[in-house]
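The following paragraphs explain how the parts of this structure are arranged and which residues hold contacts with one another. Please keep the sequence and the model in view while reading.

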Amino acid sequence: PRPPQVTPATEDLLRPSSFVAEDLAFLDKVLGDDDVEDAWKAFLICERAILEPDRAWRALMALQTVDAGTSKSALLYWVATRPPPDEATKALLERAKAGSLY
């Protein structure tokens, strides 16, 4: 299956931050870097940009290919335009990494 396209509407799909934190915490534990195709990595990078924009930018710059339904420039724009995480989002991310979201 193909990953979803990243469009302006994607922002509405990747809410709330608690969902994104929980999703990424789970995926970080169960998936190795080689377990995910580059097309899906691009979507996960966009998800990560909501919580960790700097880390997402570095990951996207290292990505060699993206899905045919998008472009690297569109993904770079997405990551670059995410607002910096607020203190509540940072705390949520730390709780997710520690496995204590519940």
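In this predicted model, L60 is in contact with I45, K72, L75, L76 and V79, when its neighbours within four places in sequence are left aside. Apart from the core to which L60 belongs there is another core, made up of 9 residues, including L24, A25, I50 and L51. The core that contains L60 is the largest nonpolar one and has 10 residues: A42, I45, C46, A49, A56, L60, L63, L75, W78 and V79. At least two of these residues are supplied by each of helix 3, helix 4 and helix 5. Helix 3 gives the largest share, with 4 residues.

The chain in which these cores are found has 6 helices and 0 strands, and its pattern along the sequence reads α-α-α-α-α-α. Of the 102 residues in the chain, 37% are buried. Among contacts with a separation of 6 or more, 69% are between residues 24 or more positions apart.

The pairing of helix 3 with helix 4 may be taken next. Two packed helices are described by the angle between their axes and the distance between the axes. For helix 3 and helix 4, the axes come within 6 Å and cross at roughly 155°. An angle over 145 degrees counts as roughly antiparallel, and the two helices are therefore roughly antiparallel to each other. On the side of helix 3, the residues that meet helix 4 are I45, R48, A49 and L51, and their partners in helix 4 are P53, R55, A56, A59 and L60. Sorted by class, this contact has 7 nonpolar and 2 charged residues, and no polar ones.

Is R48, which is found in helix 3, buried or exposed? R48 counts as buried, because its relative accessibility is 11% and the cut-off for burial is under 20%. Beyond its neighbours within four places in sequence, R48 is in contact with L24, D28, P53, R55 and A56. Of these partners, P53, R55 and A56 belong to the helix 4 side of the contact described above, while L24 is one of the residues of the 9-residue core.

Between helix 3 (38-51) and helix 4 (53-62) lies a loop, and E52 has its place there. E52 is also buried, with a relative accessible area of 13%. Once neighbours within four places in sequence are set aside, E52 is in contact with L93 and K97.

L93 leads on to helix 6 (residues 87-97), where the buried residues are T89, L92, L93 and A96. Viewed down the axis of helix 6, these buried residues fall within an arc of 100°, so they line one face of the helix.

Helix 5 (residues 72-80) can be described in a similar way. Its buried residues are L75, W78 and V79. Seen down the axis of helix 5, they fall within an arc of 95° and so line one face of the helix. The face turned away from this buried side carries S73, Y77 and A80, which are exposed. L75, W78 and V79 are also members of the largest nonpolar core, and both L75 and V79 are among the contacts of L60, the residue with which this account began.

How values were computed:
Residues are numbered from 1 along each chain as its sequence is written. This is a predicted model: local features need pLDDT of at least 70, side-chain atom pairs count only at pLDDT 80 or more; totals for chains, interfaces and linings use all residues. Side-chain values use heavy atoms; hydrogens and water are left out. Buried means under 20% relative accessible area, exposed over 50%, partly exposed in between (1.4 Å probe, protein chains only). The arc is that of the directions from the helix axis to the C-beta atoms. Contact means heavy atoms within 4.5 Å. Axes are lines fitted to C-alpha atoms, for helices over the stretch in contact, and angles run from 0 to 180 degrees between N-to-C directions. Angles under 35 degrees count as roughly parallel, over 145 as roughly antiparallel, 65 to 115 as roughly perpendicular and the rest as oblique. Ala, Val, Leu, Ile, Met, Phe, Trp, Tyr, Cys and Pro count as nonpolar, Asp, Glu, Lys and Arg as charged, and the others, Gly among them, as polar. A nonpolar core is a set of buried Ala, Val, Leu, Ile, Met, Phe, Trp, Tyr and Cys residues joined through side-chain atoms within 4.5 Å.
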